[in-house]
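Reader: I'd like a close look at one part of this model, the inside of the bigger picture rather than a quick tour. Could you pick a residue, stay with it for a bit, and then work outwards?

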Amino acid sequence: MKRVLAYVAWAAVALAAAFCLAGLALNRGEPINSIWLLLAASCIYLLGFRFYGKFIAARVMALNDQRATPAERLRDGVDFEPTNKWILLGHHFAAIAGPGPLVGPVLAAQFGYLPGTLWIILGAVLGGAVQDFVILFASMRRDGKSLGQMAREEIGRVGGFTALLTVLLIMIILLAVVALVVVNALKGSPWGTFTIVATMPIAVFMGLYLRYWRPGKVLECSVIGFVLVMASIFLGQTVSQSAALAPWFTLSGMALAIAIIVYGFFASALPVWLLLAPRGYLSTFVKLGVLLLLAAGILIVRPQLQLPAFTRFVDGNGPIFAGKIFPFCFITIACGAISGFHSLISSGTTPKMIAKEWHAWPVGYGSMLLEGFVAVMAMIAASVMQPGVFFAVNSPAGIVGTTPAAAAATISAWGFPVTPAEMQALARDVGEQTLFYRTGGAPSLALGMAHIFARGGGRALVGFWYHFAIMFEALFILTIVDAGTRVGRFMLQDLLGHVWAPLGRTSWMPGVIVFSAAIVGAWGYFLYQGVRDPLGGINSLWPLFGIANQLLAAIALCVATTILIKMHSARYLWITSIPLAWLLLVTFTAAWQKIFSPVPAIGFLAQADKLENALRTGAIAATKAVETRALIFNARLDAALCGIFLVLVTTILIDSVRVWIGILRGRREATVREAPFVLSQLRAEEL
Amino acid sequence: MTRLREIVRLLAGLLRELADESAYQRHLDRNGCQHSAGEWRRFSEARLSAKYSSPKCC
């Protein structure tokens, strides 16, 4: 009877999923409620988790709770520690949830809400969650080894070295693009800038509090830090209205970029306990709290989606970034559906904390579905705005015109009516001077969130909620910038340590300074390039980041496919090879178009040629010659970087295919490098 | 009521894990030592140097 009821319940979930998807796909011309998106995502994620995830866990991985995990066998109370599965799920989710699933869907909303939402839902179930789960499983069976170590052992030395180099290059682009998101969010915003500047002394205070006054009281200290940050948001409004103080915090894009570069250097070189760690604790709690708040807000308010299912920009002429749905929607969504970076987390701390093998199913597969849910919420937040407002905020001046009147006229001519007066009123409501040209996704996400929160708590608070959302985004993005710079330094030292051993010593002060400067200089240059870009920077940097991130996922899926072939020959090859083939098709097409497309808005080389011709024919004034030459150099540099990514991933792919063919033809031994079976002694009550 | 208490226990556990307070408690238990400012600093330095040597997710 229980079994029959279960069948009926799952059939009802499947029907509800089909009904919601049909409702989304067939609805045209009138606003649709956001609850449809949430229901469609929830039902499909539930089905994916229960059936596809469980199939992989039971049949492919043959998870076995009798087998002791590394957390049990190598238990040291610090890294290796069996942890309750729900606590570990929250821990893993907190580690994988970054700005990508929030910003990517907002940018992809330029195609309308439907293409991005469908990819977030299906991509997470069939691609992202599979990647995370298989890598987590593989690492768990190999004593918690990292992706790089597994690539080296399973594929070969070339694969391992290439994976490390690829991750380092991706880190550089990632740090530049997320820093650019912060710059665009804080540009000309004294309220936002004051709040973020205030988080730095607050973090230092927290660091000193934890080290000298109340050692070990991290939660207590984080509560104090949170109260101080909230106070700084309130104080920010006063600062922004003060004739004496506001100019100090009204910074240009370039000034903000320099400030973030300097911050990145010091944060990387200073002791971790002083700045990075307290900011990290605070941002983790704020991030989880805000995501819960956003979910609750959407459920309570159930806002209507104002963006259409498809916009005219499916033709590839979008103002936020150029290019058609295929491949650019998939590249732009990135982490909300598949994220290569997750494979680093899934082969990092998490596999060392899994108590029982079956816990990998909710932790590995389930966490990615939660991340997909975050991406759906971001899509909803972007889609609740009037389309005219959405495009006015996200379009660069280089495309829509350099005055509010010109921008409003261009956007209205696209069929998305908006007026300068309407934008001015909105800017006044949120305490900003203007909301035009706020590219990067963060301001429009903050507007959408403020719109949802203010509906639940009164319109008078819309300015507070907007800056609360900006603070939340900037806080955890800066945490990625500071921690990422430090990790980038370690990676660079790791690579160069093979050339000369002392270069690999991470505590050697000259090395700390030189390599911190090198990493900051590398991402700082791309940030500088983005700030100088007349098209807003996001137009070229976000696709570059998306391509890089998806190529990292391709590397992870190469490793995962190699492991599955070693375990089962070709039987379950399709599980990882189908998402891998799709990713390769998408990323190689996108990278090829970004390098070689003859359309200057898409192709880096065409853009450089166009500028060079304009310079040669005198179409560009002599006073702008230096600036234009820099733009030409940057476009060629971006093309070269894109090409390097392709070469690196092709190297790993060829190396992997060589191994796969060898195993499948019986020429190579299929050695599964799992740790030997040890019977688990762990009792349920220990968790 | 029992279910609610269990949820609160798990939430508190998650917060303590994210805050490294659980790891610190395990460190004290394992090494049989008492909490002190010096012990926290020793634990914290080792913990944070490991934590901040791997990339954060985007």
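**A buried glycine and its surroundings**

Author: Let's start with A:Gly372, which is buried because 29 other C-beta atoms lie within 10 Å, where 20 or more are enough for that label. This is a predicted model, so take everything here in that spirit. A:Gly372 sits in helix 16 of chain A, which covers residues 360-383. Which residues is A:Gly372 in contact with, leaving aside its neighbours within four places in sequence? They are A:Ala41, A:Tyr45, A:Ile120, A:Ile121, A:Ala124, A:Gly128, A:Gly336 and A:Ala337. A:Gly23 makes a useful landmark: it is 349 residues from A:Gly372 in sequence, and the two C-alpha atoms are 20 Å apart in space.

Now to helix 1 of chain A, residues 2-26. Its 25 residues should span 36 Å at 1.5 Å a residue, and the end C-alpha atoms are indeed 36 Å apart, so the two figures agree. Its buried residues are A:Ala17, A:Cys20, A:Leu21 and A:Leu24. If you like to think in helix turns, an α-helix has 3.6 residues a turn, so residues three or four places apart point the same way. The cover over the buried residues of helix 1 includes strand 1 (32-33), helix 2 (34-60) and helix 6 (113-140) of chain A.

Two more buried spots are worth a stop. A:Ile173, in helix 8 of chain A, counts as buried because it has 25 C-beta neighbours inside 10 Å. Not counting residues up to four places away in sequence, A:Ile173 touches A:Phe526, A:Leu544, A:Phe545 and A:Ala548. For another landmark, take A:Gly323: it lies 150 residues from A:Ile173 in sequence and 20 Å from it in space, C-alpha to C-alpha.

A:Val389 belongs to helix 17 of chain A, residues 387-394, and its 22 C-beta neighbours inside 10 Å are why it counts as buried. Apart from neighbours within four places in sequence, A:Val389 is in contact with A:Val418, A:Met423 and A:Leu426. The C-alpha atoms of A:Val389 and A:Phe416 are separated by 8.3 Å, with the two positions 27 residues apart along the chain.

Then there are the backbone oddities. Most residues other than glycine have a negative phi, and most peptide bonds are trans. Against that, the peptide bond from A:Phe326 to A:Pro327 is cis, with omega near 5 degrees. A:Pro327 is found in helix 14 of chain A, residues 325-333. A:Tyr437 is not a glycine, yet it has a positive phi of about 60 degrees. You'll find A:Tyr437 in the loop between helix 20 (420-429) and helix 21 (442-457) of chain A. A:Tyr437 counts as buried because it has 23 C-beta neighbours inside 10 Å. A:Ser569 also has a positive phi, near 55 degrees, and is a residue other than glycine. A:Ser569 lies in the loop between helix 24 (538-568) and helix 25 (573-596) of chain A. With 13 other C-beta atoms within 10 Å, A:Ser569 is partly exposed.

Stepping back to the whole of chain A, you have 27 helices and 2 strands. The radius of gyration of chain A is 25 Å, close to the 26 Å that the globule rule gives for 687 residues, so chain A is as compact as a globular protein of that length. Its C-alpha trace spans about 70 × 65 × 60 Å along the principal axes. Buried residues make up 57% of the 687 residues in chain A. Of the contacts in chain A with a separation of 6 or more, 81% are between residues 24 or more positions apart.

And chain B? It has 3 helices and 0 strands, in the pattern α-α-α along the sequence. Chain B has a radius of gyration of 14 Å, whereas a compact globule of 58 residues would have one near 10 Å. Its C-alpha atoms fill a box of roughly 40 × 35 × 15 Å, taken along the principal axes. Buried residues account for 28% of the 58 residues in chain B.

Finally, where the chains meet: the contact takes 46 residues from chain A and 31 residues from chain B. On chain A, the elements that give two or more residues to this side include helix 8 (157-186), the helix that holds A:Ile173. By class, the side of chain A that touches chain B has 26 nonpolar, 16 polar and 4 charged residues.

How values were computed. Residues are numbered from 1 along each chain as its sequence is written. Chains are lettered from A and ligands numbered from 1 in the order in which they are written. This is a predicted model: local features need pLDDT of at least 70, side-chain atom pairs count only at pLDDT 80 or more; totals for chains, interfaces and linings use all residues. Two residues are in contact if their C-beta atoms, placed from the backbone, lie within 7 Å. Helices (H or I, at least four residues) and strands (E, at least two) are DSSP runs, numbered from the N terminus. Ala, Val, Leu, Ile, Met, Phe, Trp, Tyr, Cys and Pro count as nonpolar, Asp, Glu, Lys and Arg as charged, and the others, Gly among them, as polar. The radius of gyration is taken over C-alpha atoms; the globule rule is 2.2 Å times the number of residues to the power 0.38. A residue is buried if 20 or more other C-beta atoms lie within 10 Å of its own, exposed if 12 or fewer, and partly exposed in between; C-beta atoms are placed from the backbone. The expected span of a helix is 1.5 Å times one less than its number of residues.
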